[in-house]
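This briefing goes through one protein chain by topic. Please have the sequence and the 3D view open while reading.

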Amino acid sequence: MTSTATLLYRLQVIDLAMTQRVIRVQAINTLLGSDEQVAKAQQALEAAEQALKPWQARALDLDLEIKTLVQKLKQANDALYSGSIKIPKAMTEAQDEIAALQRRQSQLEDELLEAMMHTDEGQAAVTDARQSLAQTLTTQEMTQERLIAEKTQLETELAALETQRQGAASPIDAASLKTYESLRPRKGGHPVALLRNNSCAACNIEQTSMNVQQVWAGKTLATCGSCGRILASMG
Ligand SMILES: [Zn+2]
C-alpha cells in the first residue's frame, strides 16, 4: 500500500505543475493588458507631428510675405520706369527703396528655403513614425494572438490537472492534507521531500535511522529533522 507521504509527494508534483501554469497565465494577463510599446510609438508620432507644424506654418508665412514683397517691388519698379518721378532726389529714393526690397526678398527666400528643408525633414520623420506605429500594432496583434493561444492551452492543462489533483488528494486523510497545505507556503511550494540515500533530498541532511524507518514504514508522517519537510519514499 502506498504511504500517505508518497501520496502527498504525488500531490505536490501536480500542485507544482499547476502553480507554474497559474504564474504563466498571470504573466500573460499582464502582457495582454499592457500596450506600452504602442503608446510609445503613438507618442513618437505625435512628437514628430508637433515638430513639423511650426515649420509648415513658417514656410506658409514666408511664402505669403514674399508674395506681398514681390507685389511691392513691381509697384516700385512700375513707378520708377513710368516716368512719373521727375525729381532726381525722388528717383534716387525710389531706387534705394527697390534695392532694399530686393535685399529683403533675397533674405526671405533664404529663410523660406531653410523652412522648406525643415518641413521636408519633418514630413519624413512623421512618415517614419507612422510606419513604426503600424509595425508596432502588427507586432502587438501577432504577440497577443500567440499569448491568447498559449493562455487557452494553459487553461486546458490546468483543468486537467485540477481533475488529477482531486483524484490524487481523495485517498489522503484530512489531517495529512492539512499538514501539507500549511507547510506549502512556508516551503516554497515544496512541503514534501524525497528520502534519498537516507538523506532529505531537499536539504541533503542525513536522517536518523528512526526517521528513515518511519518513512519506510509509512504509517505516520515523518518530517526532516533539518528543514521540517514531510519525508516520502518513492515507493
Ligand atoms: Zn530536509
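E150 lies in helix α3, and the structure that holds this residue is a predicted model. The chain is divided into domain 1, made of 4-11 and 173-232, and domain 2, made of 35-169. A zinc ion is held by four cysteine sulfur donors, C200 (SG), C203 (SG), C224 (SG) and C227 (SG). The points below take up helix contacts, domains, the zinc site, the spaces in the model and two asparagines.

**Helix residues and their distant partners**

- E150 of helix α3 has its C-alpha atom 8.5 Å from that of V25, and 125 residues separate the two along the chain.
- E150 counts as partly exposed, because its relative accessibility is 26% and that class runs between the 20% limit for buried and the 50% limit for exposed.
- R104 also has its place in helix α3, and its relative accessibility of 32% makes R104 partly exposed.
- Between R104 and I66 the C-alpha to C-alpha distance is 8.9 Å, with their positions 38 residues apart in sequence.
- Q42 is found in helix α2 and is partly exposed at 37% relative accessibility.
- The C-alpha atoms of Q42 and A129 are 8.1 Å apart, while the two residues are 87 apart in sequence.

**Domains**

- Domain 1 is assigned from two stretches, 4-11 and 173-232, whereas domain 2 is the stretch 35-169.
- The centres of domain 1 and domain 2, taken over C-alpha atoms, are separated by 69 Å.

**Zinc site and cysteines**

- The protein donors C200 (SG), C203 (SG), C224 (SG) and C227 (SG) lie 2.3 to 2.4 Å from the zinc ion.
- Along the chain, these donors follow the spacing C-x2-C-x20-C-x2-C.
- What is the geometry of the site of the zinc ion? The site is tetrahedral, with angles of 99 to 117° among the 4 donor atoms.
- The angles of 99 to 117° meet the tetrahedral rule because that rule asks for four donors with all angles between 85 and 135 degrees.
- C200 is buried, at 0% relative accessibility.
- C227 has a relative accessible area of 13%, so this residue falls under the 20% limit and is buried.
- C203 is partly exposed, at 23% relative accessibility.
- The count of disulfides in the model is 0, where a disulfide would need a pair of cysteine sulfur atoms within 2.5 Å.

**Largest pocket**

- The largest pocket holds about 200 Å³ of space.
- Helices α2 (36-81) and α3 (88-169) are the elements that each give two or more residues to the lining of this pocket.
- Which element gives the most to the lining of the largest pocket? That element is α3, with 6 residues.
- The lining is made up of L31, S34, D35, E36, Q37, T136, T139, Q140, T143, Q144 and L147.

**Cavity**

- A search of the whole structure gives 1 cavity of 30 Å³ or more.
- The volume of the largest cavity is about 30 Å³.
- The residues that line the largest cavity are S3, A5, Q214, V215, G218, T220, L221, A222, L231, A232 and S233.
- Helix α5 (209-217) and strand β4 (230-232) each supply at least two residues of this lining.

**Asparagines with positive phi**

- N197 is not a glycine, yet its phi is positive, at about 50°.
- The position of N197 is in the loop between β1 (192-196) and β2 (199-200).
- Is N197 buried or exposed? N197 is exposed, because its relative accessible area is 71% and the exposed class begins over 50%.
- N204 is another residue other than glycine with a positive phi, near 65°.
- The loop between β2 and α5 contains N204, which is exposed at 61% relative accessibility.

Conventions
Residues numbered from 1 in each chain as written. Predicted model: local features only at pLDDT ≥ 70, side-chain atom pairs only at ≥ 80, totals over all residues. Heavy atoms only, no water. Domains from an automatic or database assignment. Buried < 20%, exposed > 50% of the residue type's maximum accessible area, 1.4 Å probe, protein only. Donors = N, O, S within 2.8 Å, 3.2 Å for Na, K, Ca; no water. Tetrahedral: all angles 85-135°; square planar, octahedral: opposite > 155°, others 65-115°. 1 Å grid on protein atoms, 1.4 Å probe; cavity = no way out; pocket = protein on both sides within 12 Å on 5 of 7 lines; lining within 4 Å. Points joined across faces, edges and corners; volume = space filled by probe spheres on them. Helix = DSSP H or I, 4+ residues; strand = E, 2+ residues; numbered from the N terminus.
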